[in-house]
Amino acid sequence: MRHNDSYAKLVNEFMSKLEDTMAQVSEENTTVMANLREMKEMANKLSFRADSIDVFNLNYFFKYIDELISAKTLENYVACRFDMKRFSVINHQFGRKDGTRILNEFVVKLQKGLGNDGCVCRVQGDTFTMVFRKERLSYVTGYLSGTKIEVGYKNKKKAVLSAYAGYYEIEGEKTAEEIMDRIGMAWNIAKHVQRVPYVFFDEELLSAVENEKWVESVFEEALEQEEFLVYYQPKVTLKNYRLVGAEALCRWKHNGEMILPYRFIPVLEQSHLICDLDFYILEHVCRDLSQWMAEGKPLVKVSVNLSRVHLGDMDILEHVLAVVDSYSVPHEYIEIELTETTTDVDFRELKQLVIGLRTHGFSVAVDDFGVGYSSLNLIREMPWKILKIDKSFLPVGNEEDDEEIQKKVMLKHIIGMAQNLGLECIAEGVETAEQVTILKENNCYLAQGYLFDRPLPVEQFIERLEELM
Ligand code: C2E
Ligand code: MG
Ligand code: MG
């Protein structure tokens, strides 16, 4: 959708009427002609200049692209959308009036750097679009990643401004709207998802964004229709290879297709919808456990993954208790798997949750230990019961290269440290007999992995359970 479509149309009509009039007035009529020229200039400003900032507006961006399309030179250009990082801080520091002057200076300087071939256009507030020749790309990325701006005469005010930007190196025939969509997507990922200074649009991004939109649009109905299934992956003891527990892993069966977690969990985590899914899985696990109890089947502890997105929820513990207790499942049969956190706030909330769960008799595991930001504080300060060693610490093949030797040393010490601190260790992603040998050598007797079982549909898992009878 074009910005201010009807307004732009009106302006176009006005301009063509003005040009018709100019064509009818004789050049000798100098005063009238001069007035008409001035009116044209004013009309141009009114229609294509931004309010309060000395650059163009979005109408001009669309007009510019349309002209490049007509000239068939679009592929020589890059389009970009950006907004300023923490501009509210600048406004707060310098006051709104000087904040606007600083912003003005920033974009005017940027426009100058483009030469005569390109434009910077204000969308609204501190959000802009621009189009420029591909040769200017490194200048623009450098400029938007951080530029010092000074305004005023005496006591100059100085600020370093930077932006979140989405770029699209235009390829093929595209409409102005398609270009606008692409830079919007890239900008959104830079600002809200990856939190990096810039992202370039590519087709992979398009399919990721399409997948994201699709997941979000069908999720609620899929949940209502119970399209999500619990698969159970056995955990075994390496002493006699018997099943001693399981991890509940989510699968999504949609129109006959089985969709794996990597396609929907990260999307749901962004929008917090993951919380609904996690509780759905917890509820289904409790329902299964209570049914197995009623049928006199052997029971084992089942672990459920809770996303760290839950950490913002003050009532998370009560929520878990309410679900588990509504099915009268003894707490010792439920384990909660949590992953490490990255921020201090999350760390405190994670600690509260781990303590709370343990106080109520649940087992709690730190999942994927060793990837990401695992810190020793995480282990020292929280009363975990289990440490799940990530598969990246398991040796692959028999080669004794530096990396493999390093992994072995780390594996040995992680297991030793965990056990000395009173934690149980389980290795996940065990795929080979060699890995089993190494785990045993290091005194780790719990494992989960394809070597024993894949995540199993509930009926097959029950068969595995019944072997215990
Ligand atoms: P995770 O919790 O670390 O689960 C272990 C993953 O490793 C599972 O992938 C499992 O299928 C896979 N795996 C098990 N054994 C092996 C092996 O021998 N080799 C290899 N290469 N992989 C193995 P899956 O089921 O695709 O799940 C991926 C991740 O998605 C999980 O990692 C977990 O973080 C997340 N996830 C799955 N279900 C849920 C859920 O209900 N809630 C939340 N919040 N996250 C979930
Ligand atoms: Mg897990
Ligand atoms: Mg894991």
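This report covers the domains, the two metal sites, the ligand 1 site and a few single residues of a predicted model.

## Domain layout

The protein divides into three parts: domain 1 (1–47), domain 2 (49–201) and domain 3 (226–466). The centres of domain 1 and domain 2 are separated by 28 Å, taken over C-alpha atoms.

## The magnesium ion (ligand 2)

Four residues coordinate the magnesium ion (ligand 2): Glu247 (OE), Asn305 (OD1), Glu337 (OE) and Asp367 (OD). The distances run from 2.0 to 2.3 Å. Along the chain, these donors are spaced as E-x57-N-x31-E-x29-D. The site links distant parts of the chain. Glu247 sits in strand β10 (residues 243–254) and Glu337 in strand β13 (residues 334–338), with these positions 90 residues apart in numbering terms: they are 90 residues apart.

Glu247 and Glu337 are both buried. For Glu337, the relative accessible area is 1%. That is under the 20% cut-off, so Glu337 counts as buried. Glu337 also has a protein partner: its side chain makes a polar contact of 2.8 Å with the side chain of Lys388.

## The magnesium ion (ligand 3)

The magnesium ion (ligand 3) takes its donors from Asp367 (OD), Asp368 (OD) and Glu428. Glu428 appears twice in the donor list, each time as OE. The distances here are 2.0 to 2.5 Å. The donor spacing along the chain is D-D-x59-E.

Asp367 belongs to strand β14 and Glu428 to strand β16 (residues 424–428), so the pair ties together parts that lie 61 residues apart in sequence. Asp367 and Glu428 are both buried.

## Where the two ions meet

Which residue coordinates both ions? Asp367 does. The magnesium ion (ligand 2) and the magnesium ion (ligand 3) are 3.9 Å apart.

## The ligand 1 site

The shell around ligand 1 holds 23 residues. Arg251, Asp278, Asp367, Glu431 and Tyr450 come nearest. Asp367 therefore has a place in this shell as well as at both ions. By type, the shell has nine nonpolar, five polar and nine charged residues.

Several polar atoms lie beside oxygen atoms of ligand 1. Glu247 places a polar side-chain atom 3.0 Å from one oxygen atom of ligand 1. Asp368 also has a polar side-chain atom 3.0 Å from an oxygen atom of ligand 1. Tyr450 uses its backbone: a polar backbone atom lies 2.8 Å from an oxygen atom of ligand 1. On its own, ligand 1 has 800 Å² of accessible area, and the protein covers 82% of that. The elements giving two or more residues to the shell are β10, α9 (261–270), α10 (274–294) and β14 (363–369). The largest share, four residues, comes from β10.

## A long-range pair: Thr237 and Leu446

Thr237 lies in strand β9 (residues 228–237). Its relative accessibility is 14%, so Thr237 counts as buried. Thr237 and Leu446 are 209 residues apart in sequence, yet their C-alpha atoms are 4.7 Å apart in space.

## Two residues with positive phi

Most residues other than glycine have a negative phi. Lys72 departs from this pattern, with a positive phi of about 55° although it is not a glycine. Lys72 is in the loop between α3 (58–71) and β2 (77–84). Is Lys72 buried or exposed? Its relative accessibility is 76%, so Lys72 counts as exposed.

Glu226 is a further case, with a positive phi of about 55° on a residue that is not a glycine. Glu226 is in the loop between α8 (203–224) and β9. Its relative accessible area is 40%, so Glu226 is partly exposed.

## Key points

Asp367 coordinates both magnesium ions and is among the residues nearest to ligand 1. Glu247 is a donor to the magnesium ion (ligand 2) and has a polar side-chain atom 3.0 Å from an oxygen atom of ligand 1. Asp368 is a donor to the magnesium ion (ligand 3) and likewise has a polar side-chain atom 3.0 Å from an oxygen atom of ligand 1.

Terms used. Residues are numbered from 1 along each chain as its sequence is written. Chains are lettered from A and ligands numbered from 1 in the order in which they are written. This is a predicted model: local features need pLDDT of at least 70, side-chain atom pairs count only at pLDDT 80 or more; totals for chains, interfaces and linings use all residues. Side-chain values use heavy atoms; hydrogens and water are left out. Donors are N, O and S atoms within 2.8 Å of the metal (3.2 Å for Na, K and Ca); water is not among the atoms, so sites may look incomplete. Buried means under 20% relative accessible area, exposed over 50%, partly exposed in between (1.4 Å probe, protein chains only). Domain bounds come from an automatic or database domain assignment. A residue is near a molecule or strand if one of its heavy atoms lies within 4 Å of it. A polar contact is a pair of N or O atoms within 3.5 Å; within protein, one must be able to donate a hydrogen and the other to accept it, and residues adjacent in sequence count only if both atoms are side-chain atoms. Accessible areas come from the Shrake-Rupley method with a 1.4 Å probe; for residues, only the protein chains shown count as cover. Ala, Val, Leu, Ile, Met, Phe, Trp, Tyr, Cys and Pro count as nonpolar, Asp, Glu, Lys and Arg as charged, and the others, Gly among them, as polar.
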